[in-house]
Amino acid sequence: MTSIEFRKDLFANERDDTLNEIGKPTIRQDILGHVTGRTPFYDDHLFDGLLHMRAVRSPHHHARIRSLDTAAAERMPGVRRVVKPGDVPNNLNTLLSLIGFGKDDEPLLSGQKVSYKGEPVCAVIADTEAQARAAVAAVRVDWEVLPHVLDVEEALAPGAPSVNPTYPNNTFDYHERYDHQKLRFGDVQAGFAQADHIIEAEYQMSPIEQAPIETCGAIAAPEQNDRYVCHTNTQALFFSLGTTAKLLNLASSRLHFIGGTAGGGFGGKVDSIVEPMAVLGAVLTGRPVKFAWDRPEEMQVGAPRGAERWRIKDGVRRDGRIVAREFTGFFDSGAYTRLSSYAIIKGVGHLPGPYSIPNVAANVYCVFTNRTPATAMRGFGITGVDFSIEVQMDRVAEAVGMNPIDLRILNAYRDGDMKAHRRVAKNTALIECCQVAAGKAGWAISSESTAASSLVGGGEGARGTIPETVTDQEGLIGARRAGRVTDTAPARTGTGRVAAGHAGVAIVAAPPQREDMQIAADRIGHRMGSGPGAVPPPVAPRPSGPVPARPAASAGPVPPRGSITPPPGFAPPQAPPTPPSVPVPYPTYAAPPPAPPQPPAPASAAPYAPDQPFSRGVKRPGASPFLSGTRRR
Amino acid sequence: MQTVETHPTLAGAAAAMRERSRYIAGGTLVMRAMNYGATGIETLLRSGDAALREIRHDSGGIRIGAGVTMAEVIASRELDFLAPVARVIGGPAIRNMATVGGNLFAAHPYGDFTVALLALDAQVIWADGHREGIEPFLAGRSGTRGLVAAVQVPRPATGEFRFHKVSRVKPKGVSVMSIAGWLPMAAGRVGAARLAFGAMGPTPLRAKAAEAALRGVTLDADGIAPAVRVAAEGLAPADDALASAWYRREVAPVHLKRLLLAERRV
Amino acid sequence: MAKVPVRFTLNDAEVALFVDPGANLLDVLRRGAGDLTPKHGCGQGTCGACTVRIGGEVHLACLTLAEAAEGQRIETTGGLANGAELHPLQRAFMDGFAAQCGFCTAGMLMAAKTLLDRSPNPSRDEVAEAISGNLCRCTGYEPIIDAILTAAAQMQGRAVG
Ligand SMILES: Cc1cc2nc3c(=O)[nH]c(=O)nc-3n(C[C@H](O)[C@H](O)[C@H](O)COP(=O)(O)OP(=O)(O)OC[C@H]3O[C@@H](n4cnc5c(N)ncnc54)[C@H](O)[C@@H]3O)c2cc1C
C-alpha cells in the first residue's frame with residue numbers, strides 16, 4: 001500500500017507537528033454506501049411516469065439552420081413534447097456570468113446556427129428512451145453547411161470563419177480592450193539582448209475528455225409549492241441552480257436542487273447543461289423528465305480539457321541563468337467560452353512557472369474554433385503550460401550543457417522573490433523538491449545545488465522588486481481580424497514604460513501583495529448577513545478596487561470610463577504602492593483580512609438595484625441576480 | 001415496438017428470419033445496438049438449441065457450436081490451442097457472453113476469434129447443413145444469408161498455431177490488430193503457411209504475399225525477413241479511434257515478426 | 001404495449017415481472033425489481049458498472065436481454081452483505097480506500113466475488129485480469145487490487161481457522 005514519507009527536516013520551523021489526520025489511514029464517510037451499492041446517485045431516484053429527453057444534435061462542425069421540421073417526430077409513438085429553442089425563456093448564457101465575467105454567448109438550444117459537431121438544436125421528450133431516440137431520428141433539419149475552422153491560429157486569420165456571434169473576432173475580449181491576456185514584467189527584449197542563448201520551442205496539447213463512469217445527467221420533476229426538484233450529478237450544485245434559474249427565467253427559490261453525489265466528474269460536470277434541460281422538460285410537460293448523455297454524447301459533446309498551444313522563448317546566460325522568458329499561448333475554447341477565459345487568467349498568473357526570471361512577457365489567447373467547447377479538468381489552465389515549461393527547462397539545460405536539476409535549482413524561485421504577477425513568492429519549495437527527487441532517483445547534483453535552500457537568497461536585490469516594465473497596446477479587439485496586427489507574440493517594441501517598483505496603471509503593475517494569504521479565522525465557513533452569495537468552484541481571489549486598508553464587504557467601485565477592468569486573479573492595490581526595499585522571507589501573519597472576493601463589474605451592465613434588500617443578496621453592479629439567496633426583481 | 005421470439009431449434013429460428021429480424025446469440029453486439037436505438041430491428045430471434053453449445057470431434061476436425069462462448073472455449077480441453085485467442089477477447093463478463101457464432105459477424109475492430117478461424121481454414125456449417133469455407137464466408141458476410149450452426153476446425157499439431165493480439169489497453173483492450181498463423185513444419189521448414197490479420201480490413205484478411213514468402217523458410221530472423229517485408233501487402237487497414245491506417249501498416253511487420261519468432265513481447 | 005413476463009431469482013428472492021420486449025436486464029433490475037446497485041455507465045459493455053452474476057458467472061446486465069434472465073439465478077452487490085454484516089470484500093474495500101466516487105464499486109465487487117469463489121488465493125495478475133472488464137476513473141486500480149487480495153487473505157484465514 002502507499003506509504004507517505006514525512007521529511008521533517010525540511011521547513012521544520014514552519015509548522016508544528018500536530019497533524020491528526022494526514023499520514024494516517026482514514027475511512028471515507030460515504031464509503032459504506034459505496035460498498036453496499038446504496039449511495040444514491042441522481043439516477044437512483046425513481047419517479048413514476050418518468051419521461052425521457054434526448055437532444056437532436058448537429059452532424060456538422062458549423063452550419064446555419066435553414067429550417068427545423070419536427071412534425072414527423074411529434075407524431076411518433078410515445079412523444080410528449082418537442083422542445084425548441086423558442087421554448088427556452090432566456091436562451092443565451094455564459095457559465096461565468098454568475099460571477100459577472102464574460103458575455104452571454106451560448107444558447108441552450110441553438111436556433112440560428114451550430115458551431116460545433118453535436119451542438120443541440122432541439123430535444124424530444126417521450127415515454128421511453130427508445131421512443132425518444134426514434135423520434136430524434138425523425139427530426140429533419142435543413143442545414144446550410146458553413147466553412148469551419150478547427151485550429152486556433154487559423155481562427156485568428158482575417159479570413160477565418162467567424163465561430164461565435166458574440167465574439168465575432170474568434171477571441172475572447174479581455175478587459176474590454178484586448179484580444180488576449182497580457183503579462184508584462186520587466187523588458188524581455190533587453191533580456192534577450194543580454195542572453196548568450198535563445199531557446200525557442202512550441203508545445204501542443206490535445207483535448208482530454210474527463211470520461212467519468214457516470215455520464216452527465218439530471219432528473220427534474222414538479223414538486224409541491226410550484227417548485228421543481230432536480231436530482232443532478234453536477235459538481236457545482238449552486239452554479240447549476242443559478243444557471244438554470246437564469247436560462248429558464250425562474251426564481252431560484254422555485255428550484256430545489258439535490259446533488260452532491262457524482263459518479264466521477266474531474267471538472268466535466270460543472271457546465272450545467274443537463275440541469276436546465278431537465279427542468280425545462282419538467283416545466284413543459286408537468287412530468288418528471290430525465291435528460292442524460294449516453295456514452296458517445298459524453299465523449300462528443302461533454303466539454304473536455306481544452307487543447308493548448310504554447311510557444312516559449314527563453315534568453316539564457318552561459319551559466320544557466322534565465323534572464324528573459326516570453327510566452328505566446330493559445331487556448332482552444334471550442335465554440336463557446338465556458339471556462340477557458342478564466343483558465344487563461346489562472347494560467348497567466350502562474351507564469352513563468354516556479355522560477356525567478358527578471359523579464360517576462362506573455363500574450364495568451366482564448367480562441368473560438370468549431371470544436372467542442374472546453375471546460376474544467378483537474379488543474380486546467382496550469383497543467384498544459386507547466387508541461388511546456390518543464391520540457392522547455394530540459395531544452396535549456398541541454399543548450400547550456402547543464403544538469404537539468406541543477407538548472408532548475410539555479411533558477412528556482414525562493415521565499416521573497418517577486419513573481420511576474422507582482423506577488424511575493426512564499427512557502428516556496430521547488431529547491432527542496434528537486435533535491436529530494438534527485439536523491440531518490442540517484443541523480444547526482446552539484447554541491448551548490450545540494451547546499452541551496454528556498455529560505456536563503458530569495459528577494460535579494462532585484463529579485464525582490466518589480467522591475468521597470470515595458471508596456472504596449474498591441475492586439476486591440478478586432479485589430480487582428482482587420483489585418484492590422486498579425487504577430488501573436490508580445491510586441492517587440494514597447495509604447496510605454498512603468499517605473500520600477502511602481503503601481504502604474506492597474507493592468508500592468510500592481511504593488512506586491514504584502515499581506516499574507518493566510519486564511520483569517522473569520523473568513524472560514526459560512527457567514528450570514530454579509531459577503532457575497534454562492535460563488536462557483538475554484539476561483540482565484542478577485543479584485544475589489546482601491547479600498548481603504550480594512551475593506552468592508554461593500555460594493556466595489558464602478559470602474560471609471562475608459563479604465564480597464566482588472567481581471568479575476570489580478571492583484572488589486574491593497575496598500576499604498578511602496579516597493580519592498582527589504583526582502584520579506586517570512587511575511588508577518590498579523591495582516592488584516594483581505595477583501596472578500598468580488599467579481600469585476602462589466603462596464604455595460606446596468607446597476608443592479610433590487611427593490612428590497614435580501615439577507616445574503618449580492619448588491620453590486622453587474623452581479624448576477626440569479627445567485628442563490630438573491631431576490632430577483 | 002420490438003418482439004422477441006424464442007425457438008427450440010436453430011432451424012426453426014432460421015425459418016422465422018425476416019427482413020427486419022435479427023438473431024441474437026450472446027447479445028454483446030446486438031444488445032448494444034438495441035440500447036442505442038436499433039430502429040431497423042423489429043424482431044429478435046433466439047434459439048435454445050442444445051446443439052449450439054456443443055464442442056465435439058467429427059470426421060473433418062473439431063466442431064464448435066455457434067453458441068459456444070469464449071469462456072467455454074477456454075474451458076475446453078479439445079480447444080486448448082484456441083484458448084489463448086478466446087482469453088484475450090473482452091473482459092471476463094464479455095467472455096461469458098460472447099459466442100463463436102457472433103464473432104463470425106462482428107465488424108471491425110472485433111472478430112479476433114474469426115481471425116484464428118481464418119488462419120485455421122475453418123468450415124462454416126449453416127443451419128441447413130451446407131458448408132462453406134471461411135474465406136468465401138467472410139467475403140460474402142455483408143449479405144445476411146441464414147444462420148450458422150457451427151464451425152469446424154482442424155486440430156493443428158502442437159506449436160504450429162500461433163496468435164498475437166495487439167492492443168493499447170491490457171488486459172481487455174480492443175485490437176489495434178490481431179494476427180493468427182498456422183505454420184505447418186516439415187524438417188525444420190515452413191510448409192503451406194496460413195496467416196490472417198484482424199482489424200486490418202473490413203473483415204479478417206489473409207496476408208497471402210507473406211504466406212508465399214514463408215514457404216520453405218526456417219523460422220529465424222533471416223528466414224522470415226522476406227515475409228515480414230510484405231506483411232501488409234493485400235491488407236486494407238482503416239483509420240479509427242484506436243490507430244490510423246498508416247500506423248497499422250507501419251507496425252504490421254513488427255508484430256508479424258514477433259509472432260513468427262514467438263517473441264513473448266506484446 | 002405488449003409486455004412479457006419474466007421470472008428469476010434475485011439475491012435468493014423470487015422475482016416475477018412484466019418487461020418490454022427487447023429491454024435489457026439492467027433496466028429491469030433497476031426500475032422493475034428496484035435493485036439500484038448495478039449502475040448504468042455506458043450501455044455498451046465497456047465500463048462494467050452493471051456487472052451482475054448470472055448462475056454464478058459475471059455478466060453485463062446492460063447487454064443481457066431481459067428475457068434471457070428467465071429462470072436464472074441473479075446476484076448483485078445488493079445481496080452481498082449478510083444482513084448487517086458486510087462481506088469481507090466490502091470491508092476490505094472500505095478499509096483500503098478502494099472506492100472514491102463509488103460508481104464502479106458494485107460492479108467491481110461482483111467481479112471480485114466471482115474470482116474469489118473460483119480462486120480463493122489469487123495472484124495479483126489474476127485479480128487484475130478478473131477486474132479487467134470494470135473501469136474505474138478515480139480511485140485507480142491499485143487500491144482495488146490490494147483490497148481484493150486483503151479480502152482473499154482474510155477469507156482464507158477464516159476458512160483455515
Ligand atoms: C466491451 C466489449 C469488448 C469486446 N471485445 C472484443 C474483443 O476483444 N475481440 C472480439 O473479437 N470481439 C470483442 N467484442 C465483440 C463481441 O463481444 C464478440 O465479437 C462476440 O463474439 C460476439 O458474439 P455475440 O454472441 O455476443 O454476438 P451477438 O451480439 O449475439 O450477435 C452479433 C451478430 O452476429 C449475428 N449472429 C450471432 N450468432 C449467429 C449465428 N449463429 N448465425 C448467424 N448470425 C449470428 C447476430 O445476428 C448479430 O448480427 C467486444 C464487445 C464488447 C461489448
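**Notes on a predicted three-chain model: chain contacts and domain seams**

1. Starting with chain A: it has 13 helices and 17 strands (DSSP runs numbered from the N terminus, H or I of at least four residues for helices and E of at least two for strands). Of its 633 residues, 55% are buried (under 20% relative accessible area; exposed is over 50% and partly exposed lies in between, with a 1.4 Å probe and protein chains only). Among contacts in chain A with a separation of 6 or more, 80% come from residues 24 or more positions apart (contact means heavy atoms within 4.5 Å).

2. A word on conventions before going on. This is a predicted model, where local features need pLDDT of at least 70 and side-chain atom pairs count only at pLDDT 80 or more, while totals for chains, interfaces and linings use all residues. Residues are numbered from 1 along each chain as its sequence is written, chains are lettered from A and ligands numbered from 1 in the order in which they are written, and side-chain values use heavy atoms, with hydrogens and water left out.

3. On to chain C against chain A. The contact involves 32 residues of chain C and 32 residues of chain A, and the area buried is about 2,800 Å², with 62% of it from carbon and sulfur atoms (buried area is the accessible area, 1.4 Å probe, that two parts lose on being put together, summed over both). On the chain C side, R31(C), M94(C) and R137(C) lose the most area to chain A, together 24% of what that side buries.

4. The polar side of that interface: there are four salt bridges between chain C and chain A (a side-chain nitrogen of Lys or Arg within 4 Å of a carboxyl oxygen of Asp or Glu). One pairing to look at is D44(A) with R30(C), whose side chains meet in a salt bridge at 2.7 Å, N to O. The count of residue pairs in polar contact, both at pLDDT 80 or more, is eleven (N or O atoms within 3.5 Å; within protein, one must be able to donate a hydrogen and the other to accept it, and residues adjacent in sequence count only if both atoms are side-chain atoms).

5. Which elements of chain C touch chain A? Helices α1 (25–32), α2 (88–95), α3 and α5 (141–160) of chain C each supply at least two residues, and α2(C) has the largest share with four residues. By class, that side of chain C has 16 nonpolar, ten polar and six charged residues (Ala, Val, Leu, Ile, Met, Phe, Trp, Tyr, Cys and Pro are nonpolar, Asp, Glu, Lys and Arg charged, and the others, Gly among them, polar).

6. Chain B against chain A makes a useful side note. Here four residues from chain B meet six residues from chain A, burying about 330 Å², 64% of it on carbon and sulfur atoms. The tally is zero salt bridges and two residue pairs in polar contact, both at pLDDT 80 or more. The side of chain B that touches chain A has one nonpolar, three polar and no charged residues.

7. Inside chain C, the division is domain 1 (4–79) and domain 2 (88–155), with bounds from an automatic or database domain assignment. Their C-alpha centres are 21 Å apart. Contact takes in 17 residues of domain 1 of chain C and 14 residues of domain 2 of chain C. The two domains bury about 1,200 Å², 54% of it on carbon and sulfur atoms, and in domain 1 of chain C the residues losing the most area are T51(C), R53(C) and T77(C), together 42% of what that side buries.

8. What holds polar groups together across this seam? The rule finds two salt bridges and seven residue pairs in polar contact, both at pLDDT 80 or more. β3(C) gives the most to the domain 1 side, with three residues, and that side divides into four nonpolar, nine polar and four charged residues. Also in chain C, E57(C) and R118(C) form a side-chain salt bridge at 2.8 Å, N to O.

9. Is S119(C) buried or exposed? S119(C) counts as buried because its relative accessibility is 14%. It lies in the loop between α3 (105–118) and α4 (124–130) of chain C, and the side chain of S119(C) makes a polar contact with the side chain of E126(C) at 3.4 Å.
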